[in-house]
Amino acid sequence: MSGGSYNFKNLTALVVDDHASIRHAISRIATSLGFGEVLQAHNGQYAIDAVEQNKVDLIFLDLYMHHKTGFEVLMHVRNMDYRSDIPVIIVTGEGSKEDIVK
């Protein structure tokens, strides 16, 4: 196996957060990592729509949003017939011990 970095240029990240500044900051990080496309959603319903309409390879997901929570988005993704194994990174500033266990 050779060393070096992984090429993300053919991968799509989805950044889901209701705070624009956080959404844009995470999007910049994903872009700097080399993701070929970075999609953004400002609420859970838009996130579900994005996952259903695009080939998403990684999701950065806030837990507490309007119109669907991050938990609802995660459950939707995990219950999909296809692409239910998309990696999800939870990003939240309000994680309680209960939320971490979930």
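Okay, let's start with one residue, Val-77. Leaving out residues up to four places away in sequence, Val-77 touches Val-51, Ile-59, Arg-83, Ser-84 and Ile-86. Keep in mind that this is a predicted model.

So where does Val-77 belong? It is one of the residues with the most contacts inside the largest nonpolar core, along with Leu-14, Val-16, Val-51 and Ile-59. That core has 16 residues. Two or more residues each come from S1, S2, helix H2 (44–53), S3 and helix H3 (70–78). The largest share belongs to H2, which puts in four residues. There's another core too, lying apart from that one, with eight residues, including Ala-13, Ile-26, Leu-58 and Phe-60. As a general point, nonpolar side chains in soluble globular proteins tend to be buried together.

Let me zoom out for a second. The protein chain has four helices and four strands, and along the sequence they run β-α-β-α-β-α-β-α. Of the 102 residues, 35% are buried. If you take contacts with a separation of 6 or more, 68% of them are between residues 24 or more positions apart. For the surface people: the chain exposes about 6500 Å², and carbon and sulfur atoms supply 53% of that.

Now the strands. Which strand has both faces covered? That's S3. On one side you have Leu-58 and Phe-60, on the other Ile-59 and Leu-61, and all of them are buried. We've met some of these already: Leu-58 and Phe-60 are in the eight-residue core, while Ile-59 is in the 16-residue one. As for partners, S3 pairs with S1 in the parallel sense over four bridges, and Leu-14 stands opposite Ile-59 there. S3 also pairs with S4, again parallel, over three bridges, with Leu-61 opposite Ile-90 in S4.

On to helix H1, residues 20–33. With 14 residues, H1 reaches 20 Å from its first C-alpha to its last, close to the 20 Å expected at 1.5 Å a residue. Which of its residues are buried? Arg-23, Ile-26, Ser-27 and Ala-30. Looking down the axis of H1, those buried residues fall within an arc of 105°, so they line one face of the helix. The general background is that an α-helix has 3.6 residues a turn, so residues three or four places apart point the same way. What covers the buried residues of H1 includes strand S1 (12–16), strand S2 (37–41) and strand S3 (58–61). Flip to the face turned away from the buried side and you find the exposed residues Ser-21, Arg-28 and Ser-32. Right after H1 comes Gly-34, with a positive phi near 105°.

Last topic, backbone oddities. Most residues other than glycine have a negative phi. Two residues here are worth pulling up on screen. His-67, in the loop between S3 and H3, has a positive phi near 70°. Arg-83 isn't a glycine either, and its phi is positive at about 60°; you'll find Arg-83 in the loop between H3 and strand S4 (88–90). Buried or exposed, then? His-67 is exposed, at 63% relative accessible area. Arg-83, at 22%, counts as partly exposed. And Arg-83 takes us back to the start, since it was on the list of residues that Val-77 touches.

Definitions and conventions: Residues are numbered from 1 along each chain as its sequence is written. This is a predicted model: local features need pLDDT of at least 70, side-chain atom pairs count only at pLDDT 80 or more; totals for chains, interfaces and linings use all residues. Side-chain values use heavy atoms; hydrogens and water are left out. Buried means under 20% relative accessible area, exposed over 50%, partly exposed in between (1.4 Å probe, protein chains only). Contact means heavy atoms within 4.5 Å. Accessible areas come from the Shrake-Rupley method with a 1.4 Å probe; for residues, only the protein chains shown count as cover. The expected span of a helix is 1.5 Å times one less than its number of residues. The arc is that of the directions from the helix axis to the C-beta atoms. A nonpolar core is a set of buried Ala, Val, Leu, Ile, Met, Phe, Trp, Tyr and Cys residues joined through side-chain atoms within 4.5 Å. Two strands pair if DSSP finds at least two bridges between them.
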